[in-house]
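Q: I'd like to take a close look at one loop residue and its surroundings. Could you start there and then walk me outwards through the rest of the model?

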Amino acid sequence: MSGRVTLVGGGPGDADLLTIAAVRALATADVVLYDRLAPHEALADLAPGADLVDVGKRPGHHALPQSGIEALLVEHARAGRHAVRLKGGDPYVLGRGGEEVLACRRAGVPVAVVPGITSAIAVPAAAGIPLTHRGVSHLFTVVSGHAPLTEDELRHLAQLGGTLVVLMGVGTLPMLASGLARHGLVPSTPVAIIERGHRPDQRTTIADLGGIVTAAGVVGVASPAVVVVGEVVRLAHDGDRSAAGTMARAAALAEAAVLAEAGA
Ligand code: SAH
């Protein structure tokens, strides 16, 4: 028996957003080590032959440390099993997938990676926000908000323009907002926070840079959430009442951009 490991990107949480390769890997899995953010509810059907192991954080339980996950993957593969590591989003976007691949390689265990739909793009999309839009933004930057950004990073990001996407950014939102403003990003820049994207209880909160911390506090924004900073937020169209004013301005802005381009 030849054991192996497949790292599978599970997308933002809706099983419909798994790739065909992901579904195939799960179908042949003997054991699945899954994260809380991966689409785990459907696993019993998708991986009928597999032991299902939750290695993510649950209330009252600690997450398995990264080294423990890597040791488990290697152990299962060495025992001749096909171990699938199902991760939220894409394994290589702020997901420590690279570390797990290295651990397998070091142990001489065959390992393959199935890319996934990253929440960095798909969660804003669920709120109707395109990260790029002709005439509005032609670039986006994805950063981790796990730790506060440095002054240098804030300065560069404030000057870069385009769209800023922050993952794991709920806890550091006040530092992000004040830091970007301190380095010259205009206070009227729109910001969206999309919680639990592609889940039935998805919620979007929109305000400008000057007001986003208060707005997030009022509604009690919680992780997991994606923060989007930039003019593309004006294109949001998920019908949230809280976003109505911004939506109206968005329409005007998009129209103005189209008119300017037509006139140019
Ligand atoms: N590898 C993952 C990201 C892991 S970091 C990917 O490519 O998507 C975890 C962060 O991703 C969360 O803190 C949150 O910012 C974001 N995230 C993942 N799924 C999400 C979802 N369904 N809704 C909102 N944010 C999500």
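What is the relative accessible area of Leu94?

A: Leu94 has a relative accessible area of 44%, so this residue counts as partly exposed; the class lies between buried, under 20%, and exposed, over 50%, using a 1.4 Å probe and protein chains only. A word on the ground rules: the model is predicted, so local features need pLDDT of at least 70 and side-chain atom pairs count only at pLDDT 80 or more, while totals for chains, interfaces and linings use all residues. Residues are numbered from 1 along each chain as its sequence is written, and side-chain values use heavy atoms, with hydrogens and water left out.

You will find Leu94 in the loop between β4 and α4 (97-106). Helices (H or I, at least four residues) and strands (E, at least two) are DSSP runs counted from the N terminus. The backbone here deserves a glance: Leu94 is not a glycine, yet its phi is positive, at about 45°. Most residues other than glycine have a negative phi, and most peptide bonds are trans.

Leu94 also leads us to the largest pocket, which has a volume of about 1,200 Å³. Its lining has 41 residues, and Leu94 is among the closest to the centre, together with Asp35, Arg36, Leu37 and Met168. Two or more lining residues come from each of α3 (66-78), β4 (82-87), α5 (119-126), β8 and β10. By class, the lining holds 17 nonpolar, twelve polar and twelve charged residues. Here Ala, Val, Leu, Ile, Met, Phe, Trp, Tyr, Cys and Pro are nonpolar, Asp, Glu, Lys and Arg are charged, and the others, Gly among them, are polar. A pocket is an open set of points on a 1 Å grid over the protein atoms alone, with protein on both sides within 12 Å along at least five of seven lines; a cavity is a set where a 1.4 Å probe fits but cannot get out; and lining residues have an atom within 4 Å of a point. Points are joined across faces, edges and corners, and a volume is the space filled by probe spheres set on them.

Now to the ligand. It has 19 residues around it, and Val93, Thr118, Ser119, Gly197 and Ala225 come nearest; a residue qualifies if one of its heavy atoms lies within 4 Å. Several polar contacts (pairs of N or O atoms within 3.5 Å) can be picked out. A polar side-chain atom of Thr118 sits 2.7 Å from a ligand oxygen atom. Met168, which we met at the pocket centre, places a backbone N or O atom 2.8 Å from an oxygen atom of the ligand. Gly88 likewise brings a backbone N or O atom to 3.1 Å from a ligand nitrogen atom.

For another backbone like that of Leu94, turn to His198 in the loop between β8 and β9. His198 has a positive phi near 70° and is a residue other than glycine; with a relative accessible area of 24%, His198 is partly exposed. The loop between α8 and β10 holds Pro224, and the peptide bond leading to Pro224 from Ser223 is cis, with omega near 0°.

Next, α7 (173-182) takes us inside the protein. Its buried residues are Leu173, Leu176, Ala177, Gly179 and Leu180. They pack against α6 (151-160), β7 (163-167), β8 (190-195), α8 (212-219) and β10 (225-229), where contact means heavy atoms within 4.5 Å. Just past this helix, Gly184 takes a positive phi of about 105°.

The whole structure contains one cavity of 30 Å³ or more, with a volume of about 70 Å³. Among the residues lining it are Val143, Leu154, Leu173 and Leu176. The largest share of the lining, three residues, belongs to α7. The lining divides into eight nonpolar, four polar and no charged residues.

For a buried counterpart to Leu94, try Thr205 in strand β9 (203-208). Thr205 counts as buried because its relative accessibility is 6%, and its contacts beyond four places in sequence include Val191, Ile193, Ile212 and Val221.

Stepping back, the chain has nine helices and ten strands, and 45% of its 264 residues are buried.

Notes. Polar contact = N/O pair within 3.5 Å; in protein donor to acceptor, adjacent residues only side chain to side chain.
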